[in-house]
Amino acid sequence: METVPVESGLLLAGVLFMLGLISVLIRRNIIFMLISVEIMLNAAGLAFIVAGSRWAQADGQVMFIFILTMAAAEVSVGLALILQIYHQLKTLDGDMASKMKG
Amino acid sequence: MILPALIIFLLAGGILAWSAEKINASYPKWIALAVLAIYLVVMGSLWSAENTTALTGGSWKVHFMKPWIPQFGVSFHLALDGLSLLMLLLTFFLGMAAVLISWKEIQNRVGFFYFNMLWVLAGISGVFLAMDLFLFYFFWEMMLIPMYFLIGIWGHENRRYAAYKFFIFTQASGLLMLLAVLGMYFVHGATAGEYTFDYFAWLGTPLSTQTGRWLMLGFLAAFIVKLPVVPFHSWLPDAHAEAPTAGSVILAGLLLKTGAYGLIRFVVPLFPEASHYFAPVLMGLGVLGILYGAILAFAQTDIKRLVAYTSVSHMGFVMLGVFAFNEVAMKGVVMQMITHGISTGALFILAGVLYERIHTRDINHMGGFWPQVPFMGTMGLVFAMASLGLPGLGNFVAEILTLLGAWQANHTLTILATVGLVAATAYSLRIVQKIFLGKPEHHYTLPDLSGREKLILVPLVVAIVWLGLFPQAVMQQVDQPAKAGTAQTQVTTSGLLVNQHVKGGEHDPK
Amino acid sequence: MTRNDFLSVVPLFILTSAAILIMFSIAVKRNHKVIYIITLLSLLADFVYVVANMAGTRHELEPLFVIDGFGVFYIGLILLTSLLVTMMSYAYFEQREERKEEYYILLILATLGSVVLVISKHFVSLFLGLEILSVALYAMIAYLRKRERSDEAGIKYLILAAFSSAFLLFGMALVYVTTGTMSFEGMAQYLATVQGLPFMMVAGLGMMVVGMGFKLSVVPFHMWAADVYEGAPAPVTAFIATVSKGGMVGLLVRFFDTLHAQQYPVLVLIFTCIAITSMLAGNFLALRQNNVKRVLAYSSISHMGYLLVAFIAGDAMGTEAVTFYLVAYFVTTLGAFGILATLSDTERDAEVMDDYRGLLWRRPWTAAIFTAMLLSLAGIPLTAGFVGKFYVIAAGVHTQQWLLVVMLAVNSVVGLYYYIRIIAVMFEQPQRDSDQPHMLHPVAYIISGFTMAILTVSLIWLGVFPAGLMGIIKGLL
Amino acid sequence: MKELLWLIPAWPLAGALILILGGHRMSRTLATLVGAGSVGLSALITLLIGFAFLSAPEPFDQHLWTWMAIGNFQPSFAFHLDALSMIFLFVITFVGFLIHIYSSEFMAGDEGFARFFAYLNLFVCSMLILVLADNLLLLYLGWEGVGLCSYLLIGFWYQEEKNGYAARKAFIVTRVGDTAMAIGLFILFQTFGTLHIQSLLQQAPQAWSVGDQTALLVGFLLLGGAVGKSAQLPLQTWLPDAMAGPSPVSALIHAATMVTAGVYLIARTHVIFELAPQAQLAVGIVGAVTLLLAGFSALTQNDLKRVLAYSTISQIGYMFLALGVGAWSAAIFHFMIHAFFKALLFLGAGAIILVLHHEHDMFKMGGLRHKLPVIYGTFLIGAASLAAIPLVTGGFYSKDQILWLAWAGERGNVLLYLAALFGAFITSVYTFRMVFVTFFGAEHSHVSHPVGKAMLTPLVVLAVLSTLAGFLELPHTLGHVTIFSDFLSPVLPAVNVRPDAESMELLFQVIAAVVALSGVGLAYYLYVLKPDLPSKIKEEIPGLHHLWFVGWGFDALYDTLLVRPFVYIAKVNKHDVLDKFYTGLVTVAEFFHRALAYTQSGMMRWYVMGIVIGAILMLTIGLIL
């Protein structure tokens, strides 16, 4: 069976990571920011799978499952918080959540 | 045991004074006075104590040592020789004066005030006794906090600024010393194989030229800021001017002396070679301080600032003398430390006494007070004369010895320093003139000194005259024992006898 | 799993079961007191177990955990700190929140995460520990959900923490790609076979530093700190400043020591830059800051910078110094936030300077303790902070990191300014006689007072007789 | 008997202490008793010791206690009595005693009566220590002590701003000289390791050959000290202003004793000057120039006391001149005579000023010889002595000796002689100008009350002394009495007269006598016969007159060169320019704070950006290395 070269896999993961990173930077909606972070996390997971396949170990995939789980937990807490924020600010604009500064 | 007990009782006395306030607001001052008086007597009883045999080199009277942080080779090592004894006597003497002068001046938070005062004195005593560099640094920093409180809480209008400035200057320089202490610790440990902060172990540690110089600069930083040496003096006028009277007395009389003490005890003996290397620059800075301080003192209108700048000027002599490396100058420096403590302390006390009566420190609002307060005027005159170095008063002995010694080391600088005496005349006479002489244009009700104030000032006058006429009694405390060991131990013990071989020649005046 | 394996993870079990127990307890009946006591007891029991049974042994629980002296010390430290945070939480939450019980679950879980961090020797356990800690913290920060600032702090922390976690994970993946192992020792073995650091390794470690640096709030990953400190409830802030950072410091030391990171100039350079900028930025940010919580946040940034000095030193003395410093810092920070918590009222925390004006005359003991804590942060003798700073400088001087120690000295001076600024405010004459806060049950005050007393005594004890703790650290490491 | 030596300074010291501590509670009589009595006792002991000394004229040392001991350097409180100090002791205690008596009446109406006597006693004590000191350090103590008392007494009437100014000026200017002297001491100490005077004098010839550089330097530095104290060029400016003090003070301190301390110093250390001929010549030149400049200034003064002040400067110039030509005992002789007649003149002037309601301007006096006959008589005797009226005055003998030796002495010099001669002429002009203007002509003011016995007696005694004392030393041509120089010869070497000059002594005396008398004549012509002429001359040469009047403008010069720049620098730098550096640091720190605080914008995306930038930077570092 032909395997994908490690470099390509990592490149893909890197591109995904950068996409997520850039969209965190340019998105103002908190939900989108959260989603973008999830993309980055998944990019990291992908990188783990690539690495695991390079060394022919299951560890990478194990790690991916952990990441998924963690991401789910994070999203659930995150969404709850976003709900609270929305209650208070009546908006989901992340830039509005800047009462504290200086 | 007498040495650790000294510090512990001062600390305990502070706590006692603080808590006694709740019972009766006048207890704290009595407690403070009693503690200091007891220790003045105790220290006095050590005056002619036999030398202990536990320490070699130098004449150590009392000695105490207990391991403290064995992992670092830190021990609670205190020792007392003539120099320390003199400094401690001065500490308690001026401490009592400071307590007495605060008797009525301090009306709020009395307990906390005396707590701070006793803790400052404890820190100062520790500095004069510590023979372990870690311990020394510990006390060195410990005396700052209570002093900060004294200035910051009971000071005059601009007290916060002054307190910050004082604290930050001294702390900054102290940290540099800490670096040097640690550097020395590792250098010594690497050569001796035993890691310790003990002063006696460090003496004679061979240092490479570069290392020695850098380490010395670290130590020097702390001491010349404390002394202070121009251009690191600018904390001093603010701190002195804004502190309450007792604070000014302690600052000028004692805190500055810790800097001088450090130079004598640590810088010169630990880094003989580097000291010689930097000596011309340091003497130059001393002279710069003498002249610059005098000019600034002349310009001031705030009496406490004026006196503060005179301290800058007088402390220049310390630098000049210490780095002249001969016994005459060194004894002059020791005398300068004591006499300056007394005379400047007394001037601050007078300033405080005046402030209590007329509520201003501006000498332009004074003048012609003599008829109303002849006694105070006489006191002012005596201490102004002391400040300008009139023979017969202690300061003269100090200054002339310093200059006699300094001449051997550097002619130009000594001449400039001698010129400083003329400037000293100018500002000292200005004090007398502006306050006591002239026409009384401002009408104050001005009672002469009260019994308590006389009780403070008369002993100071007696002391300064006694030091002027019989300085030998004091100076022999810092004599080396006649049959000191090898030349090496002489060089390294307390800096009072410094090796002559490094720079002996060049005596020809131009 | 052998019996030994089991015994060595008992501390984790105790925490987990405590969390579950509290959940059940809440299901049965909400009772703040009972849950509080359960929390205290379980933390205490855990601590006693760790101290009594685990000191002096070294056990590896392959492949995830290693329980050695270092780990035991850090576990003990974390548990004790959590205990103290718990103690000061009761009075705080009693006044403010109806549903205060879940807080203790979160607290225990966060503690668990931190404990896992300090004993992990594998990426998986690292990741798990970190995330247990983080997720629990998200909720803790935003726990007072009625407060707008609390929510804002929570969401900021969440997004940023997840963001930096992504970096950490990606970095780990890169390291894994390069080395083929996720265990620290494996990586060290790999590094021993190659010359210098491979590029992928540098990139991976660099990205990991982002994630770790975030938790430590070092520059340039520090910006969340002030906002989160300000927004979070005071005990949670104390927790973030101590337990969360402590866990990460433990991990950092173990990870990089295992890799012998100090022998790679590039890593040393990176950490040096981070240390120096952290010191500078932290201190200068705090310089004229008027919000005490933010001051403490900025100060913690600079303190992490100081700590890195000892970390960069890297030898045995460096590790000791890091550990000692951490203890001193914990005591001090807990004390400071404890005072902050006691002074806070139900509406808001006592965070502006005016809350402290004249405190020395209104509540002398509180003010005295706070002064002691601030002086300790400033590194003045008689306090633990002094010995800590001394230790760190000693480590720096020992390895001749002159640039770092001089920066440390300079920064201490800058830092001094804002610490004494707060002290100066405290001894100013009060402008108005502030109204007494309404009274709680006296027991609450007794517990808070007791906590404060313990902290103050240990602060001074460590400052005057540090030999004992030094001996313990030396013995365990 | 000689063991009582220490009592001589001790009595006045005790008097001073008693008066300082308890003076304000004492009655005037008691204060007088203490003040004058203590000096009287000193005088008495001086007399006793004097007799003992005459019978056994070897030097006597008394060691009281060791002041400080550092290795071999052990300056002590120890006194050395020899002929030189004996003469000074005598003059100080006796003239001092007379002036104390005079003061008891002169100061009777003053509030600070006890204070005055306290200062005066303290002065006498310091002066005695100065002349008795066996080491230079103790001498320096006395030296500064008299300076202090001078300061206190010049500014005695402290309510006047200008008195205070004059007092400070005196102190500071003399301190400038003291500084030079102190440096001289440093060199001596460095060279010999001691400051004991007799040891120095013994060792100096061994260590230094004649003309040695170091000796020269020391000589010049000691001269610096001497010119400060003795108001010689260029530090003479303080003395005229010092007249702000009460007249007895001017008499005692600023005429008889303190200002001659410089003469004492140079005479005491004459060995050094002999080893440094250039320095000694400088002493002579300073004396010559000073005596001329001060003489011209005296010609133009209107204030009676200022005339006397300039005259004092001028007369001390003569002493310096004598020292400069090696006529040691002549200088001391002139010192003694001068002490008598100048004290007399000051006391007389003081009495006049007192009874004229503190009028100092002599042109507002006039015709006083009828109203104040005793004062007139004694003043005239003093003036005659000052003007060196031949044969009958002490001043003639002492000044003539100086003139003669200035020319005929081994180190004599024609120029010095001519200057001295011309100075003698001026002296007699201004002296008799003063006499004629004050005592002759029309009365311009009114005498308030008669002068009492306490003031008149000292005048008479001094008048007698200033006449008779001259006969202690008479030239060859006139009896050849050498009691004084013989007495001094163990201490001060006699001067050798050039052999070729010996025969001309009489000629020179005649010249001196003619010059002195012609000066009187000129004064008589100008101020009695043609009283309008002087003001016309004054209008002819206004610039020169003004220059003389202000003492050759030294004050203005120093003011511009030294005082103003110092005050200006002090004023400008009142707030300490170095402090700006630290406040600058604070400003920078605050700037950093604001800049950094700006980055804490509170916006999440900005924080994310921070992390990203950090990561990029870090990776860049990683890639580059």
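These exercises work through a predicted model, each with a stepwise solution.

## Exercise 1. Two helices from two chains

Determine how helix 2 of chain A packs against helix 6 of chain C.

Solution.
- Start with the elements. Helix 2 of chain A covers residues 30-55, and helix 6 of chain C covers residues 148-179.
- Recall the description to use. Two packed helices are described by the angle between their axes and the distance between the axes.
- Read both values. The angle is about 15°, and the axes are 8 Å apart.
- Classify the angle. Angles under 35 degrees count as roughly parallel, so helix 2 of chain A is roughly parallel to helix 6 of chain C.
- Add the hand. The crossing of helix 2 of chain A and helix 6 of chain C is left-handed.
- Sort the contact by residue class. Between helix 2 of chain A and helix 6 of chain C there are 25 nonpolar, 4 polar and 1 charged residues.

## Exercise 2. Annotated spans in chain A

State where UniProt places the feature "transmembrane region" in chain A, and check the fold of two of these spans.

Solution.
- Take the record. An unreviewed UniProt entry gives residues 6-26, 31-51 and 63-86 of chain A for this feature.
- Check residues 6-26 of chain A. This span is 100% helix and 0% strand, with its end C-alpha atoms 30 Å apart.
- Check residues 63-86 of chain A. Again the span is 100% helix and 0% strand; here the end C-alpha atoms lie 33 Å apart.

## Exercise 3. The make-up of chain D

Describe chain D by its domains, its secondary structure and its burial.

Solution.
- Divide the chain. Domain 1 of chain D takes residues 327-540, domain 2 takes 549-574 and domain 3 takes 576-624.
- Place two of the domains. The C-alpha centres of domain 1 and domain 2 of chain D are separated by 35 Å.
- Count the elements. Chain D holds 27 helices and 2 strands.
- Get the extent. Along the principal axes, the C-alpha atoms of chain D fill a box of roughly 115 × 60 × 55 Å.
- Judge burial. Chain D has 625 residues, and 63% of them count as buried.
- Add the record. For residues 67-117 of chain D, an unreviewed UniProt entry lists "domain: NADH-Ubiquinone oxidoreductase (complex I) chain 5 N-terminal".
- Look at that span in the model. Residues 67-117 of chain D are 57% helix and 12% strand, and the end C-alpha atoms lie 28 Å apart.

## Exercise 4. Chain B: a domain and an unusual loop

Find the cis peptide bonds at B:Pro228 and B:Pro231, and set them in their surroundings.

Solution.
- Begin with the annotation. An unreviewed UniProt entry places "domain: NADH:quinone oxidoreductase/Mrp antiporter transmembrane" at residues 130-420 of chain B. That stretch of chain B is 79% helix and 0% strand, with end C-alpha atoms 34 Å apart.
- Recall the background. Most peptide bonds are trans.
- Take one exception. The bond from B:Leu227 to B:Pro228 is cis, with omega near -5°.
- Take another. B:Val230 and B:Pro231 are joined by a cis bond with omega about 10°.
- Locate them. B:Pro228 sits in the loop between helix 9 (209-226) and helix 10 (235-242) of chain B. B:Pro231 lies in the loop between helix 9 and helix 10 of chain B.
- Move on to helix 10 of chain B, which contains B:Asp238. B:Asp238 is buried because its relative accessible area is 7%. B:Asp238 and B:Ala308 are 70 residues apart in sequence, yet 8.4 Å apart in space, C-alpha to C-alpha.

## Exercise 5. Positive phi without glycine

Work out where A:Lys90 and C:Leu382 lie, and whether each is buried, partly exposed or exposed.

Solution.
- Recall the background. Most residues other than glycine have a negative phi.
- Take A:Lys90. Its phi is positive, about 60°, although A:Lys90 is not a glycine. A:Lys90 belongs to the segment after helix 3 (59-89) of chain A. The relative accessible area of A:Lys90 is 59%, so A:Lys90 is exposed.
- Take C:Leu382. Its phi is positive, about 80°, and C:Leu382 is not a glycine. C:Leu382 lies in the loop between helix 15 (364-378) and helix 16 (384-398) of chain C. With a relative accessible area of 22%, C:Leu382 is partly exposed.

Notes
Residues are numbered from 1 along each chain as its sequence is written. Chains are lettered from A and ligands numbered from 1 in the order in which they are written. This is a predicted model: local features need pLDDT of at least 70, side-chain atom pairs count only at pLDDT 80 or more; totals for chains, interfaces and linings use all residues. Side-chain values use heavy atoms; hydrogens and water are left out. Domain bounds come from an automatic or database domain assignment. Axes are lines fitted to C-alpha atoms, for helices over the stretch in contact, and angles run from 0 to 180 degrees between N-to-C directions. Helices (H or I, at least four residues) and strands (E, at least two) are DSSP runs, numbered from the N terminus. Angles under 35 degrees count as roughly parallel, over 145 as roughly antiparallel, 65 to 115 as roughly perpendicular and the rest as oblique. A crossing is left-handed if the near helix is turned anticlockwise from the far one by less than a right angle, and right-handed if clockwise. Ala, Val, Leu, Ile, Met, Phe, Trp, Tyr, Cys and Pro count as nonpolar, Asp, Glu, Lys and Arg as charged, and the others, Gly among them, as polar. UniProt positions are given in the numbering used here, feature names are shortened, and annotations may be inferred rather than shown by experiment. Buried means under 20% relative accessible area, exposed over 50%, partly exposed in between (1.4 Å probe, protein chains only).
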